[in-house]
Structure formats: C-alpha cells, structure tokens
Amino acid sequence: MAHAHRSQNSVALVHPQPLIHPQPPVVNAPVGFVPRPVGVINPSFGPVPPFDPANLPQPGFVLNPAVLVRMEHRRSISLLQFMSNEGLIPSPEEELKRKNVIEKLKEIVLTWVKRVAWQRQRPKQQIAVTSATILTYGSYGLGVHGPESDIDALCVGPFFASMADDFFIVLRNMLESRPEVSEIHCVKDAKVPLMRFKFDGISVDLPYAQLKLLYVPENLNVLNPYFLRNIDETSWKSLSGVRANECILQLVPNVENFQSILRCIKLWAKRRGVYGNLFGYFGGVHLAILAAFVCQKNPHANLNVLMSSFFKTFSGWPWPTPVALEDGRLPTGGTRETRALMPIQLPCSPYGYCHSNITKSTFYRITTELTLGHALTRDLLRLDFDWNDIFEPFCYSKKYSRFIKIYLSSSNQDELGDWVGWVKSRFRFLLAKVEEVQGLCDPNPTEFIDPDAGEPNVVFFWGIQPGRINFSDIDVVEDDFMQNINNGGYQGPPGKMNLSVIPTSQLPGYAQLDTGSRNRTKACWRMFNYHQPRVPVFSQHLPLYFVGYAATGKDAKRLDAWS
C-alpha cells in the first residue's frame with residue numbers, strides 16, 4: 001500500500017467542508033428501527049452483512065442522519081467487496097513477489113554502477129560511495145496495480161553512467177545473464193527510451209535518468225530541485241512519471257480513499273470502453289489526476305460519496321477548462337493548453353499537461369459515459385441500486401449497426417508485436433480520417449485474434465453510426481492511413497493491414513464485444529536472437545575492457561508507440 005510523504009516545504013491545503021460529517025450527531029432513531037454498530041471498513045474484504053431493506057422506514061419518512069451514514073458506509077463496503085470479487089486486488093503473495101523484484105533490481109543496479117565506475121577509472125573513493133537506485137511509478141507506484149499489472153520502474157544513475165553505453169549495453173548484459181530475466185528488449189528510439197523485460201514472470205518497463213550526482217540516494221526526492229540541476233531532456237522526461245506520482249500522493253488528503261476510487265474509475269473506464277490513450281480515451285495518469293481532484297474537493301467523504309462526486313463533477317465540467325489539482329501555490333499564469341478538448345494539468349512544476357489523443361468522437365463518448373454514470377449514482381441510497389449497473393460492459397453490438405474491421409498481420413509472431421504497436425501509435429490519424437469521411441466513430445480498444453487465419457494477427461472492431469461511409473470510401477481511408485504508416489519511419493519488416501466495413505450481423509464468433517471479458521491479447525514482444533552476429537563494444541576509457549555487445553539491425557529498433 002502506497003503512503004503519502006510530505007516534504008518540509010509542502011503547504012497545507014484548505015479544503016471545502018466535507019459532504020458528510022465524520023461523526024454525525026446522535027438523533028433518536030425511527031420507531032421500530034434497531035440500531036447496529038457501524039464498524040470500520042474491513043481491509044481484508046471479509047464477508048459483508050446483507051443489506052436489509054426491512055429496516056428502512058416507509059417512503060416519505062425523513063431518515064435519521066445516523067441511518068444515512070450507515071447506509072452510505074454499507075454501500076462503500078459493498079463497492080470494496082465488488083472490487084475484490086473482480087480480482088483487482090493483488091494477494092499478499094503477489095505483493096511480496098513484486099516487492100522482491102524491486103529489491104533485486106536495486107541490488108543489480110548498485111552492482112552495475114560500481115562496475116561502470118571502475119570501468120571509467122573513477123577514483124577508488126568515488127567507486128566506494130557512488131550508487132544508483134530504482135524508483136517505481138505508474139499504477140504500481142500509486143498502489144492501484146492489479147495481479148497482472150506491469151511494473152513501471154525508473155533506473156536513476158550518476159553523472160558518469162551514460163544511457164547509450166552503460167545502460168543499454170552493460171546493464172542489459174547483466175540483466176540478460178540473470179536466470180530470472182527473460183524477453184529483454186531495448187527500446188532506444190522511443191520518446192522515453194527504456195528496456196522492457198520479464199523478471200520472475202512480471203513485465204517490467206525500465207527507463208533511465210542520469211543525474212549530475214555521484215551518489216544517488218536510495219529514496220531519492222525527485223521533487224527537490226537540487227537533484228534535478230542541469231539534467232538532459234531525456235532524463236527529465238523519464239523522471240516525469242515518478243514526479244507526477246509523488247505530487248499526487250502528497251496532494252490527496254487520504255491516500256487509501258484515493259487508491260480505492262482510482263481502482264473503481266479505472267475499472268469503469270475499461271468496462272465502458274473509454275480507457276486507452278492510443279485510442280483517444282483516458283490514460284492512467286488522466287484518471288489518477290481526476291480521482292485526486294475529487295478527493296481534494298471531498299477530503300472527508302467515504303468511497304460511496306467520492307464515486308458519486310466523480311460523475312457529478314466531470315459530467316458537468318465546462319471543458320475545455322483545464323482540471324488542475326490544488327497545491328497551495330498561487331496561479332503562475334503559465335501556458336494554457338488550447339488544443340486539447342479535455343486538458344488535464346500535470347501536478348508538478350514546471351506545469352504541463354497530460355498528453356492526450358482525444359478527438360470529437362471520443363470526447364462525445366467520454367462525456368456521454370460520464371453523464372450516464374452521474375444518472376446512475378445520483379441516488380446511491382435507493383433500494384434497487386446495484387454497483388453492477390455502473391460497471392456493466394458497454395454493449396457495442398446493440399449500439400452500432402456497423403463496424404470498421406482493422407486486420408493486422410505479420411509473417412511470424414516475433415514481428416507481429418512491433419507491427420501492431422507501430423500501427424496503434426498512428427491510430428489517431430486513422431480516427432481523424434474516419435471522422436472526416438464518416439462522422440463519429442467509437443474505437444473499441446479491445447484486441448482480438450482471428451483463430452481461422454493462417455498467420456499471426458490482431459483484429460480491432462470500431463463502431464460507426466449509419467452514415468456516409470461505404471466500401472469505396474473505406475478504400476480511400478485505407479490508402480490514406482497506409483501512406484501515413486509508411487511515411488512514419490517504421491524500421492521493422494512491414495506487416496499487412498486491411499480495413500473493411502461489416503454489419504453487426506456478420507461479426508465473427510471470436511469478437512465477443514459485449515461480454516466484458518478482460519482477456520485481451522497483447523501483441524507479443526520480439527525477443528533478441530543472440531545467436532546472430534553482434535558488434536562487440538569496448539570501453540572508451542579502458543580500450544581492452546570488453547563492455548558487451550551492441551544490438552544490430554532490427555534488434556536496435558523499436559516502435560515509439562509502446563512508450
């Protein structure tokens with residue numbers, strides 16, 4: 001469980017009054033009502049006593065405030081139980097496994113930096129004190145990861161450890177030699193260069209930041225300007241995720257409430273088909289900031305009220321007015337985001353905005369779902385309320401009469417991941433073209449596999465309303481998008497892409513659009529073939545010291561989209 005850490009320079013926040021008083025006054029209960037102890041939320045998600053409508057007064061009777069608090073409390077417990085039943089909470093064994101992965105990575109990078117210091121002929125005193133560390137961010141850093149979530153970890157090294165030689169060659173070879181590590185892949189040409197691999201079966205994304213320091217503290221304060229002096233742009237981008245996480249955890253009044261509501265709204269966004277930055281919807285950082293915003297506005301509210309407040313707040317939000325967290329500072333009059341339809345400000349200075357691919361179509365879908373969520377949560381105390389209604393999977397086949405089928409394939413499974421990732425990174429251009437030709441389009445983020453095809457493949461189905469598009473139009477869209485893909489600088493072997501328009505009645509059996517299944521197929525990452533000839537690399541500082549091998553050809557390339 002993540003915990004908030006507040007620095008000495010943090011400013012106390014002044015929040016609005018809570019929606020529910022944490023200690024309601026004692027009022028005489030209605031006739032015939034037998035009070036029961038309220039208790040506290042059970043963190044182990046044990047059995048919850050059933051809600052008994054017989055204990056409620058008849059319609060028209062004004063409820064005792066204590067009864068309202070009890071009902072809201074039970075609604076919150078039932079939501080937590082719902083999340084646990086959905087398998088979103090890692091078991092203690094799974095948590096321990098991830099913790100061990102982080103500890104082992106810290107040991108590896110500490111050994112790595114000592115080796116690099118010796119290789120670069122640093123003085124013995126510097127070799128003795130120099131260090132590197134691992135910092136986590138993303139869903140794991142915020143404490144909202146699930147049993148199958150990846151780990152986003154940042155390697156932070158000293159001034160003499162370079163990315164090109166020391167991170168991508170020396171550290172990569174050290175990781176490759178470990179029996180726990182598999183499927184290691186260098187991602188050099190991404191916006192945030194990183195290595196991706198599996199450690200004890202858990203996927204890890206590991207970018208690198210190089211600080212102008214000799215000694216990197218294990219628990220580095222990434223919000224302290226002293227540690228960030230004169231760093232390069234790539235390191236700054238690599239640090240942005242960790243910095244955003246730290247700011248959010250410091251600014252929310254109750255970390256556990258924040259984690260609970262963020263888990264809930266992420267599940268809601270995925271079930272309702274409005275999660276996935278590459279498809280023009282919310283990404284993880286967007287939802288984290290929106291959840292933190294609601295927590296700031298309702299610092300003493302329980303989960304029940306926070307969920308209702310989330311939908312009420314953002315269903316009526318005056319977009320494109322930016323959403324920004326309160327941090328106790330006066331507005332600086334910085335650059336405003338004028339291009340985004342739903343701008344969300346990052347919570348750390350210098351202030352920027354979350355990258356967004358939201359279009360007119362996805363903006364309409366998101367706001368429609370927020371409005372529906374508000375309608376469903378407006379009265380959480382009604383007798384027929386059911387949390388399943390909020391998380392009901394979006395019914396694509398009933399909503400749309402036709403779909404654009406996007407079929408992507410490659411000659412072998414190893415190359416499919418790169419090809420699918422590259423095409424997905426260009427989906428914003430395809431969506432813009434479809435909107436131009438057809439009008440509104442709903443890009444379902446779910447990936448399917450056609451089991452009858454004789455080649456590795458991934459298939460998407462995007463819903464479209466009855467409109468102007470026909471089969472001749474889709475050929476124009478396909479030609480335009482294929483040209484965009486070819487002009488984008490893709491370095492790997494190009495795969496195949498085919499677009500077609502099919503009616504709902506012709507959806508294949510493998511395309512279970514309305515089941516709400518989370519068993520999505522991720523494009524596989526290509527593994528290096530270390531049996532192929534590679535270029536040996538020797539130290540620039542000790543000419544006879546062998547550093548490792550540099551990846552050649554397509555192994556040195558990777559799509560920008562997966563960053």
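Buried means under 20% relative accessible area, exposed means over 50%, and partly exposed lies in between, with a 1.4 Å probe and protein chains only. The structure is a predicted model: local features need pLDDT of at least 70, side-chain atom pairs count only at pLDDT 80 or more, and totals for chains, interfaces and linings use all residues. Residues are numbered from 1 along each chain as its sequence is written, and side-chain values use heavy atoms, with hydrogens and water left out.

**Exercise 1. Describe helix α13: its span, its cover and its start.**

Step 1. Helices (H or I, at least four residues) and strands (E, at least two) are DSSP runs, numbered from the N terminus. Helix α13 covers residues 413-425, 13 residues.

Step 2. The expected span is 1.5 Å times one less than the number of residues. For α13 that gives 18 Å, and the first and last C-alpha lie 19 Å apart, close to that value.

Step 3. Of the 13 residues in α13, 11 are buried. Among them are the charged residues E415, D418 and K424, along with W419 and W422.

Step 4. At the start of the helix, a side-chain oxygen of N412 comes to within 3.0 Å of the backbone nitrogen of E415.

**Exercise 2. Find the nonpolar cores and place I261 in one of them.**

Step 1. A nonpolar core is a set of buried Ala, Val, Leu, Ile, Met, Phe, Trp, Tyr and Cys residues joined through side-chain atoms within 4.5 Å. The largest one has 82 residues.

Step 2. The members that touch the most others are F258, I261, M307, F310, F314, F391 and W462.

Step 3. Contact means heavy atoms within 4.5 Å. Setting aside residues up to four places away in sequence, I261 touches A291, V294, C295, L303, L306, M307 and F310.

Step 4. A second, separate core holds 35 residues, including I127, A132, A161 and L175.

**Exercise 3. How many disulfides are there, and are C295 and C441 buried or exposed?**

Step 1. A disulfide is a pair of cysteine sulfur atoms within 2.5 Å. By this rule the count is 0.

Step 2. C295 has 2% relative accessibility, so it counts as buried. C441 is also buried, because its relative accessible area is 3%.

**Exercise 4. Locate T446 and name its side-chain partner.**

Step 1. T446 sits in the loop between β7 (441-443) and β8 (457-464). Its relative accessibility is 14%, so T446 counts as buried.

Step 2. A polar contact is a pair of N or O atoms within 3.5 Å; within protein, one must be able to donate a hydrogen and the other to accept it, and residues adjacent in sequence count only if both atoms are side-chain atoms. The side chains of T446 and N444 make such a contact at 3.0 Å.

**Exercise 5. Which residues does L110 contact beyond its sequence neighbours?**

Step 1. L110 belongs to helix α2 (residues 92-119) and is partly exposed, at 37% relative accessible area.

Step 2. Leaving out neighbours within four places in sequence, its contacts are T130, S131 and A132. S131 is 21 residues away along the chain, yet the two C-alpha atoms are 5.7 Å apart.

**Exercise 6. Check the backbone at P320, Q121 and D200.**

Step 1. The W319 to P320 peptide bond is cis, with omega near 10°. P320 lies in the loop between α9 (303-315) and α10 (360-377).

Step 2. Q121, not a glycine, has a positive phi of about 60°. Q121 is in the loop between α2 and α3 (124-129).

Step 3. D200, also not a glycine, has a positive phi of about 55°. D200 lies in the loop between β4 (194-199) and β5 (202-210) and is partly exposed, at 29% relative accessibility.
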